[in-house]
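Here is a quick tour of one chain, written for someone who likes to know where the packing and the pockets are. Have the structure open and follow along.

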Amino acid sequence: MSDLHSQTVAYSRDTMLPPVPPPRREAGAVRWLRENLFSGPLNIILTILAIWVLWLALRDVLPWAWRGIWNAGSISECRTIRDQLYGEGTSAACWAVIRARWQQLVFGFYPASELWRPPLALVVFLLAVLPILFADLPRRLLWLTAAAPFLIVWLLWGGPIWGPVAVALGFGLGWLAWRIVARAGGPLLGAVAAILVPVLYWIFVDAPLTAALARILPIGLTPVRSSDFGGFTLSIVIGLSGITLSLPLGILLALARRSEMFIISKVAVIYIEVIRGVPLIVWLLVAQVLLNYFLPSGTNFDILLRVIIMVTLFSSAYIAEVIRGGLAALPRGQYEAADALGLGYWQAMQLIVLPQALKISIPGIVNSFIGLFKDTTLVSIISLFDPMRMSSTIRATTEWGGIYWELYIFVAAVFFVFCFAMSRYSMWLEQRLERSHR
């Protein structure tokens with residue numbers, strides 16, 4: 001009997017069960033809501049309280065925005081249309097100001113016939129940074145990265161094309177001088193030659209060479225003054241320039257502060273602490289007013305260039321401290337491993353130390369970049385027409401006097417898009433680096 005039972009009853013399954021979907025409570029939005037918003041009595045109470053507060057904040061704003069008027073030539077016309085559609089005194093947004101004045105908010109006073117140039121310059125910048133942001137792209141694109149700064153400057157400010165070409169030639173001469181002198185006299189003399197040769201070239205040769213080439217082959221774009229920059233074009237130019245230039249300078253300052261050479265270390269400490277100890281708005285006033293006292297009489301130093309330089313110097317001090325924190329977080333064994341491999345200082349920094357320190361510092365670096373981009377609105381203090389001052393200028397006109405929230409909401413939305421994009425890229429990069437080091 002027992003033998004017959006053992007032959008007919010199987011104690012182990014010989015086939016797999018078909019896959020079935022997870023329970024509804026354990027998948028998708030239902031699981032997210034249950035785990036994050038309704039995981040316990042306290043969490044449920046806080047969720048309900050938050051929903052109630054949001055409702056109080058948005059119950060008047062959402063209808064006001066939804067009933068917005070998009071086709072009107074002035075605020076009085078906007079109010080007339082509102083009274084006809086919804087009744088007199090009804091709260092409704094006048095989005096027509098965005099439709100009527102979006103060019104001013106985006107481009108400022110940039111010439112109307114040249115409005116294609118700032119978007120093209122932004123596209124060139126994005127294409128240039130792609131090989132840096134995404135390592136999977138072909139390295140050949142780095143040639144575009146090297147040429148992009150000169151092309152962008154020419155697109156934005158115009159003038160003869162030979163101006164950026166002559167400036168780029170100075171960098172080429174510096175690289176050539178470094179290769180020749182470093183091979184004969186060592187890296188220190190090579191570095192001095194790489195700095196001295198381009199500076200002398202730009203002082204004595206650049207302008208005559210550009211003028212001569214422009215007379216022989218006059219190719220160029222209509223010149224645009226820096227005073228014509230405004231709106232988001234101004235903020236993007238200042239923000240992206242500061243971000244691009246402050247990162248390498250911040251890395252050098254962080255390395256200098258941790259250097260064992262006394263003079264280099266103390267100079268870096270003094271620079272960083274002085275810059276970080278003074279608000280950016282004060283440095284902008286220095287760039288506008290006080291800097292002229294230290295320049296030769298009759299010197300015309302472009303105000304936008306002064307602002308970009310000051311913003312870069314300010315941001316680099318904060319970046320240096322962020323990266324110094326990443327360097328300090330590395331175990332001492334990483335430095336000892338580089339010494340054991342016989343690597344020199346710069347080889348160890350390039351191959352072992354800096355990649356790990358920068359990975360640790362990504363959140364702080366991106367946070368500094370986001371803060372820098374938002375701080376570009378401070379240039380209104382020195383009479384530059386950033387988006388906020390441009391909004392005030394539009395509100396001062398007879399057509400749109402009285403407009404308030406619509407302009408500020410549009411400015412805030414655009415800033416949010418840029419800052420959110422930087423934040424999401426930072427999170428993506430952190431996750432990618434985390435997976436690649438597992």
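## The second largest pocket

Let's start with the second largest pocket, where helix H10 (187-204), H12, H16 and H17 each put at least two residues into the lining. Keep in mind that this is a predicted model. The space in this pocket comes to about 960 Å³. Its lining counts 26 residues, and those nearest the centre are Leu-255, Ser-259, Met-261, Tyr-345 and Trp-346.

What is the chemical make-up of the lining of the second largest pocket? It splits into 20 nonpolar, 2 polar and 4 charged residues. If you want to look at the lining by domain, domain 2 (159-221) and domain 3 (226-405 + 412-435) each contribute at least three residues.

## How the chain is divided

The domain assignment lists domain 1 (40-97), domain 2 (159-221) and domain 3 (226-405 + 412-435). Domain 3 is thus written as two segments, 226-405 and 412-435. For the pair that shares the pocket lining, the C-alpha centres of domain 2 and domain 3 sit 27 Å apart.

## Two nonpolar cores

Now for the packing. The largest nonpolar core has 57 residues, and the members that touch the most others are Phe-229, Ile-238, Val-307, Leu-327 and Val-379. Two or more residues come from each of helix H7 (117-133), helix H8 (142-157), helix H12 (231-257), helix H13 (262-276), helix H14 (280-288), helix H15 (303-329), helix H16 (332-340) and helix H17 (345-375). The top contributor is H15, with 11 residues. H12, H16 and H17 turn up in the pocket lining too.

Which residues does Phe-229 contact, leaving aside neighbours within four places in sequence? The list is Tyr-110, Leu-156, Trp-157, Val-224, Leu-234, Val-237 and Leu-304. There is also a second, separate core, made of 17 residues, with Trp-64, Ala-96, Val-97 and Ile-394 among them.

## Around strand E2

Leu-221 lies in strand E2 (residues 220-221). Is Leu-221 buried or exposed? Leu-221 counts as buried because its relative accessible area is 18%, and the cut-off for buried is under 20%. Not counting residues up to four places away in sequence, Leu-221 touches Trp-116, Arg-117, Trp-154, Leu-155, Gly-158 and Gly-159. One of these partners, Leu-155, is 66 residues away in sequence, yet its C-alpha is 7.5 Å from that of Leu-221.

Leu-217 sits in the loop between helix H11 (206-216) and E2. With 42% relative accessibility, Leu-217 is partly exposed. For a sense of scale, Leu-217 and Ser-74 are 143 residues apart along the chain, with 48 Å between their C-alpha atoms.

## Helix H18 and the loop before it

Ser-383 is in the loop between H17 and helix H18 (387-395). Its backbone is worth a look: phi of Ser-383 is near 70 degrees, a positive value in a residue other than glycine. Ser-383 is partly exposed, at 43% relative accessibility.

Met-388 belongs to helix H18. It has a relative accessible area of 31%, so it counts as partly exposed. Apart from residues up to four places away in sequence, Met-388 touches Thr-377, Tyr-408 and Val-411. Cys-419 lies 31 residues from Met-388 in sequence, and the C-alpha to C-alpha distance between them is 17 Å.

## Trp-102 in helix H6

Last stop: Trp-102, which lies in helix H6 (residues 96-107). Trp-102 is partly exposed, with a relative accessibility of 39%. Beyond its neighbours within four places in sequence, Trp-102 is in contact with Val-97 and Phe-107. Val-97 is also a member of the second core. Measuring along the chain, Trp-102 and Val-153 are 51 residues apart, and their C-alpha atoms are 24 Å apart in space.

Technical notes:
Residues are numbered from 1 along each chain as its sequence is written. This is a predicted model: local features need pLDDT of at least 70, side-chain atom pairs count only at pLDDT 80 or more; totals for chains, interfaces and linings use all residues. Side-chain values use heavy atoms; hydrogens and water are left out. A nonpolar core is a set of buried Ala, Val, Leu, Ile, Met, Phe, Trp, Tyr and Cys residues joined through side-chain atoms within 4.5 Å. Buried means under 20% relative accessible area, exposed over 50%, partly exposed in between (1.4 Å probe, protein chains only). Helices (H or I, at least four residues) and strands (E, at least two) are DSSP runs, numbered from the N terminus. Contact means heavy atoms within 4.5 Å. On a 1 Å grid over the protein atoms alone, a cavity is a set of points where a 1.4 Å probe fits but cannot get out, and a pocket is an open set with protein on both sides within 12 Å along at least five of seven lines; lining residues have an atom within 4 Å of a point. Grid points are joined across faces, edges and corners, and a volume is the space filled by probe spheres set on the points. Ala, Val, Leu, Ile, Met, Phe, Trp, Tyr, Cys and Pro count as nonpolar, Asp, Glu, Lys and Arg as charged, and the others, Gly among them, as polar. Domain bounds come from an automatic or database domain assignment.
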